[in-house]
Amino acid sequence: MGNRKVNFCPSIVAAFVALACAFATPARASSSDTEIYGIAPDGTALHWVVYAPAGAGPWPAVLVIHGGGFKSGGPESGAVVAADLAGAGFLAFAIEYRLAPPGSLPGQKSTGRFPQQTDDVKMAISAARADSRCNGQVGAVGGSAGAVHTAFTAATGSVGDDRLDVGVCLSGGYDLSDLSFDPAVGNVDYAYNAINYVGVPASDQAALRAASPSWLADASAAPLLLFNSVQDPMPVFQLVDMTSKLQSLGMTNYQSSILPGSGHAFDYWSVIKDQAIAFLAAGFSAAPIKVGPAELSNVSTRSHVSAGEGAVIGGFIITGDAPKRIVLRALGPSLAQAGVVDVLLDPVLELHDSTGAVIAKNNNWADLPTDVVAAGLAPTSPAESVIVATLPAGNYTAVVSGVGNSSGVALVELYDLDPGSSTLSNISTRAEVASDDDPLIGGFILGGTDVSSIIVRAIGPSLLSQGVQDALPDPTLELRNSNGDVLFENDDWRTSQEQEVLATSIPPQNDQDSAIVAALKPGAYTAIVHDAQSGVSGIALVEAYALP
């Protein structure tokens, strides 16, 4: 059966707003098995209902996270799920969390909006992991809003603490900025619930994406099993949003299925119960994803080159004890073969050391001895430039300009010919963002075999303090994979991943600069920088740092 996707319009859901407010009621389990698992910052006591297996523990723990449109519901809705999990040998905790308006828990003084609910779930994960009845492993089964929280905490948080080890998501919403719905099903109320949960208008895409698992998940995400029904009150497009992101990341530790009918969340638990229990067991048995130090190599940046501040300036840092052999290239004329217009006809390339001294320079690589340029790296145009050097550890800068102060689009590239020796720990390029069609484009390759962590930054306003007069006022940053899929995007670094960026110890100086922190699989990636306002130009810096 096909599904037709329709964009969300706030006026369509006006009636649903009134209806939801009228019928939403706060709910909390009251049971002899009820325990307090934590106290929220506003003083709200947070409870879970415990379902323990027969026999002696400790056992792996599974949180059962209820739905209710983020504004209602309670642990009792997951009682059957929790009992089945306990029967399968898991220590089940059916949890509550603070509720968004108009709902609330007893004693709740805060709004219950994002990120308060996910903070509560993370508190429950940590509490379960530290519980003497638990063996230190924690998973979750979430339905509807609870599935959102399950996916969110499988993709964020600290491994071994408040991040899930494995999750099962039933009818979850994963991209809260995708407010489309299927008119044949009439599942438009999801859109109201999403914007009510985040507490922003539908137009605030950045805030909605900051709460969205599909925008936050990277290659370190825990295994996920995802379900949706064809006529689910949760638009089936949400499942596609999440699986598309995981596929773009190259993830293989997830499974998904679209079920027939119109069941929602825990309604179809009996149908998928055995598969879910087997997936949880396998997830607990699997080795965690290893995240190692990043190996940056084969870096390139394409940008417009002009006189003065418009020169392309590429920086890189070599760390380690052994000298590293590199090749730098500045390309212009050959870009026309790729359809680039207004290319730089005669690029000049300089290499500077940390003192600013020029240690190598080339204009026209054809002037070099024929055996200098590594096989396969000779440019196609004799007017393009190449520098081959063996460099000790230190900071270096490559500068690309045009002969006679000429201008045009150029590509500067760095190739690591000794990937097994010292490492490239930081790469950066300062260049002009000339227009919407001529952004700053930085490419890099992550080597090695393990998932690795990096931070990519797009700096504009902070350059003013360094004497750059024409700095890009509000840079936005996209990170794409080798297929061109957008994996992450950011405009103003504090709007998303603020704590993750701060934890790197190298946050941008200006709040209007942008940054992305991500764990990625080995492969080729591209960072694209332009201004948040269409038609605005200026000088920007794009950087990638390897994180330990």
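The legends below accompany an overview and several close-up views of a predicted model.

**Figure 1. Overview of the predicted chain and its dimensions****.** The chain contains ten helices and 25 strands, and its C-alpha trace spans about 85 × 55 × 45 Å along the principal axes. A compact globule of 548 residues would have a radius of gyration near 24 Å, and the value of 26 Å for the chain agrees with this. Buried residues account for 55% of the 548 residues, while the chain exposes about 20900 Å², of which carbon and sulfur atoms supply 53%. Of the contacts between residues at least 6 apart in sequence, 78% join residues that are at least 24 apart.

**Figure 2. The two nonpolar cores, with a close-up of L328****.** In soluble globular proteins, nonpolar side chains tend to be buried together. The largest nonpolar core has 66 residues, among which F316, L328, F444, L520 and V529 touch the most other members. Apart from neighbours within four places in sequence, L328 is in contact with F316, L349, L351, S385, V386, I387, A398, E413 and L414. A second core, separate from the largest one, is made up of 40 residues, including L46, I65, I125 and A202.

**Figure 3. Aromatic pairs and a lysine over a ring****.** The structure holds eight aromatic pairs. One of them joins F90 and F284, whose ring centres are 5.9 Å apart and whose planes stand at 50 degrees, so this pair is tilted. F90 is in the loop between α2 (79-87) and β4 (91-95) and F284 is in helix α9 (residues 269-285), so that the pair links parts of the chain 194 residues apart. F90, at 5% relative accessibility, counts as buried, and F284 is likewise buried, with a relative accessible area of 9%. In the pair of F316 and Y396 the ring centres are 5.6 Å apart and the planes are at 20 degrees, which is under the 30 degrees required for stacking, so the pair is stacked. Because F316 belongs to strand β11 (residues 312-319) and Y396 to strand β16 (residues 394-402), this pair ties together parts that are 80 residues apart in sequence. Both F316 and Y396 are buried. Ring pairs also link F70, F114, F152 and Y197 into a cluster, and elsewhere K245 lies over the face of F488, at 4.2 Å from the ring centre.

**Figure 4. Surroundings of A45 in strand β2****.** A45 lies in strand β2 (residues 45-51) and is partly exposed, with a relative accessible area of 22%. Not counting residues up to four places away in sequence, A45 touches I36, G38, I39 and E96. The C-alpha atoms of A45 and G107 are 7.6 Å apart in space, although the two residues are 62 residues apart in sequence.

**Figure 5. Backbone details at P58, P115, S144 and D342****.** Most residues other than glycine have a negative phi, and most peptide bonds are trans. The peptide bond from G57 to P58 is cis, with omega near 0 degrees, and P58 is placed in the loop between β2 and β3 (59-65). A cis peptide bond, with omega of about 5 degrees, also joins F114 and P115, the latter being in the loop between β4 and α3 (116-130). S144, which is not a glycine, has a positive phi of about 60 degrees; S144 lies in the loop between β5 (134-143) and α4 (145-155) and counts as buried at 10% relative accessibility. D342, also not a glycine, has a positive phi of about 55 degrees and is found in the loop between β12 (324-331) and β13 (347-352).

How values were computed:
Residues numbered from 1 in each chain as written. Predicted model: local features only at pLDDT ≥ 70, side-chain atom pairs only at ≥ 80, totals over all residues. Heavy atoms only, no water. Phe/Tyr/Trp six-rings, centres within 6.5 Å; stacked < 30°, edge-to-face > 60°. Helix = DSSP H or I, 4+ residues; strand = E, 2+ residues; numbered from the N terminus. Buried < 20%, exposed > 50% of the residue type's maximum accessible area, 1.4 Å probe, protein only. Lys NZ or Arg CZ within 6 Å of the ring centre and 35° of its normal. Rg over C-alpha atoms; globule rule 2.2 N^0.38 Å. Contact = heavy atoms within 4.5 Å. Areas by Shrake-Rupley, 256 points an atom, 1.4 Å probe, with all protein chains shown as cover. Core = buried A, V, L, I, M, F, W, Y, C linked by side-chain atoms within 4.5 Å.
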